[in-house]
Amino acid sequence: MDDNVEISVKNLSLWFGKFQALKNISIAIPKNEVTALIGPSGCGKSTFIKTLDRMNDLVDNVRITGEVIYKGRNILDDDTDVVQLRKEIGMVFQKPNPFPKSIYDNVAYGPRVHGIKDRKALNDIVEGSLRKAALWDEVSDRLNESALRLSGGQQQRLCIARLLAVEPNVLLMDEPASALDPIATSKIEDLLYELKREYTIIIVTHNMQQAARVATHTAFFLLGELIEYASTIDLFERPRDKRTEDYVTGKFG
């Protein structure tokens, strides 16, 4: 696999019962870039990213064919260590979901699960993760307060910090700013720009402007198919497919 590619997806199809949600998807996700997935509701974007950390395993009657190659192995193989996979490829969801614990314990939760007990080591991880998530300056004097007292935007950045604390390689983000106000959304977008220096990021978004601002590559999904995948500039300014053009210019439907 190309050294610049983090995840290579080949001929991926997925069914929920008799319904085919993904149809023969092939895409190469570049390392240390932000890749945006766009398309109308129900087109398969969220289903697709959930195949990348095996979250669809939790759904009854799901069937998947094809390959998702990460670190030279097909993660869909039966012998994949799914716990380790989800440590390396982590997810941030649309609605912030902090644990009903303190800010500190939210971030320390993952490292503790993975066996880190030393208080100084945990302190360093918590501070480092909150700094990376651009939240440290706002919460450093109230780490023992409940995370549920934070604003929505702060809660989402806390969820990102909680993910960073287990040292992933890939960040999956399913509409991470859709429930936030414009100021909080801007902070998340600024954060993505900083995080791509260290992480590969895949973001699902309905917001065309957001995709244009944060993503180096963009994929357009429609009815379970990958219609077009290109650099974000090319996809928005020089789309090859009429359906892509109609979607990005608002003529779709």
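At 62% relative accessibility, asparagine 61 counts as exposed, and in this predicted model the residue lies in the loop that runs between α1 (45–51) and β4. Although asparagine 61 is not a glycine, its phi is positive, at about 60°. Most residues other than glycine have a negative phi. A second non-glycine residue with a positive phi is glutamate 175, for which the value is near 50°; glutamate 175 is likewise placed in a loop, here between β7 (170–174) and α7 (182–195). The relative accessible area of glutamate 175 is 8%, under the 20% limit, and the residue is therefore classed as buried, whereas asparagine 61, at 62%, is over the 50% that marks an exposed residue.

The loop that holds asparagine 61 leads to β4, and strand β4 belongs to an open sheet of four strands, arranged in the order β2-β1-β4-β5 with antiparallel pairing. The edges of this sheet are formed by β2 (19–30) and β5 (73–74), each of which pairs on one side only. Strands of a sheet pair through backbone hydrogen bonds, in either a parallel or an antiparallel manner. Between β4 (residues 62–70) and β5, which run antiparallel, there are two bridges, and tyrosine 70 stands opposite arginine 73 of β5.

Asparagine 74 is also located in strand β5. With a relative accessible area of 11%, asparagine 74 falls under the 20% limit and so counts as buried. When its neighbours within four places in sequence are left aside, asparagine 74 is in contact with Gly66, Glu67, Val68, Ile69 and Thr80. Histidine 206, by comparison, is separated from asparagine 74 by 132 residues in sequence and, from C-alpha to C-alpha, by 29 Å in space.

At the level of the whole protein chain, 10 helices and 10 strands are found. The radius of gyration is 18 Å, close to the 18 Å given by the globule rule for 253 residues, so the chain is as compact as a globular protein of that length. Along its principal axes, the C-alpha trace spans about 55 × 45 × 35 Å. Buried residues constitute 51% of the 253 residues, and, among contacts with a separation of 6 or more, 67% are made by residues 24 or more positions apart. The accessible surface of the chain amounts to about 12200 Å², with 47% of this area belonging to carbon and sulfur atoms. The chain carries 33 positive and 36 negative charges, and the mean positions of the two sets are 3 Å apart.

Definitions and conventions:
Residues numbered from 1 in each chain as written. Predicted model: local features only at pLDDT ≥ 70, side-chain atom pairs only at ≥ 80, totals over all residues. Heavy atoms only, no water. Pairing = 2+ DSSP bridges. Rg over C-alpha atoms; globule rule 2.2 N^0.38 Å. Buried < 20%, exposed > 50% of the residue type's maximum accessible area, 1.4 Å probe, protein only. Contact = heavy atoms within 4.5 Å. Areas by Shrake-Rupley, 256 points an atom, 1.4 Å probe, with all protein chains shown as cover. Lys, Arg positive; Asp, Glu negative; His and termini not counted. Charge placed at Lys NZ, Arg CZ, Asp CG, Glu CD.
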